[in-house]
Amino acid sequence: MARVLIIEDNPANMKLAVLLLHNVGHVTLSAVDAETGMAVARTDQPDLILMDIQLPGMDGLTATALLKQDAITAHIPIIALTALAMKADQEKSQTAGCDGYIAKPLRYAELYAAINGLLPESNPTPLPQSSQI
Ligand code: MN
């Protein structure tokens, strides 16, 4: 079990991410913009952050870079979420300090694999059926 902060402005994507994480026993925190997400990260110290790249106001890569520069949040792994599976976005995510990268739409196997890779002790159990929106 891990405490995962989801920073995502799209309600459908947020709902799916929460569902997928709850299905394997993770606890979720949520924020719909970068500024709120950064405040939650500092205050609640999640084990992992799922960061939408495209957010209103400050974008997710800028927020990631700031979180990684802040001693209070620098240790928290961040997985970037982007709508487009673009090589350029992956490279930009790495440059900003993201620890992982997932292209939306979220697929349960890809999400769980990314989380397991960063938090092996969290040990979620994926559901057998495919799930995609
Ligand atoms: Mn977005």
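Here are three short exercises on this predicted model, each with a worked solution.

**Exercise 1: the metal site**

Work out which residues coordinate the manganese ion and which parts of the chain D9 and Q54 tie together.

*Solution.* Start with the donors: D9 and D52 each offer an OD atom, while Q54 uses its O, with distances of 2.0 to 2.1 Å. Next, write out the spacing along the sequence, which is D-x42-D-x1-Q. Now place the outer two: D9 sits in the loop between β1 (3-7) and α1, and Q54 sits in the loop between β3 and α3 (60-69), so this pair links parts that lie 45 residues apart in sequence. Finally, check accessibility: D9 comes out at 34%, so call it partly exposed. Q54 has 55%, which is over the 50% cut-off, so Q54 is exposed.

**Exercise 2: the buried side of α5**

Find the buried residues of helix α5 (residues 108-118) and say why they are on the same side of it.

*Solution.* First pick out the buried ones: Y108, L111, Y112 and I115. They span an arc of only 95 degrees around the axis, so they end up on the same side of α5. That fits a handy rule: an α-helix has 3.6 residues a turn, so residues three or four places apart point the same way. Then look at what they pack against: α1 (11-23), β3 (48-52), β4 (78-82) and β5 (100-103).

**Exercise 3: D89**

Decide whether D89 is buried or exposed, and find a side-chain partner for D89.

*Solution.* Locate D89 in helix α4 (residues 87-96). Its relative accessible area is 13%, under the 20% cut-off, so D89 is buried. For the partner, go to T82: the two side chains share a polar contact of 3.2 Å.

Note on methods. Residues are numbered from 1 along each chain as its sequence is written. This is a predicted model: local features need pLDDT of at least 70, side-chain atom pairs count only at pLDDT 80 or more; totals for chains, interfaces and linings use all residues. Side-chain values use heavy atoms; hydrogens and water are left out. Buried means under 20% relative accessible area, exposed over 50%, partly exposed in between (1.4 Å probe, protein chains only). Helices (H or I, at least four residues) and strands (E, at least two) are DSSP runs, numbered from the N terminus. The arc is that of the directions from the helix axis to the C-beta atoms. Contact means heavy atoms within 4.5 Å. Donors are N, O and S atoms within 2.8 Å of the metal (3.2 Å for Na, K and Ca); water is not among the atoms, so sites may look incomplete. A polar contact is a pair of N or O atoms within 3.5 Å; within protein, one must be able to donate a hydrogen and the other to accept it, and residues adjacent in sequence count only if both atoms are side-chain atoms.
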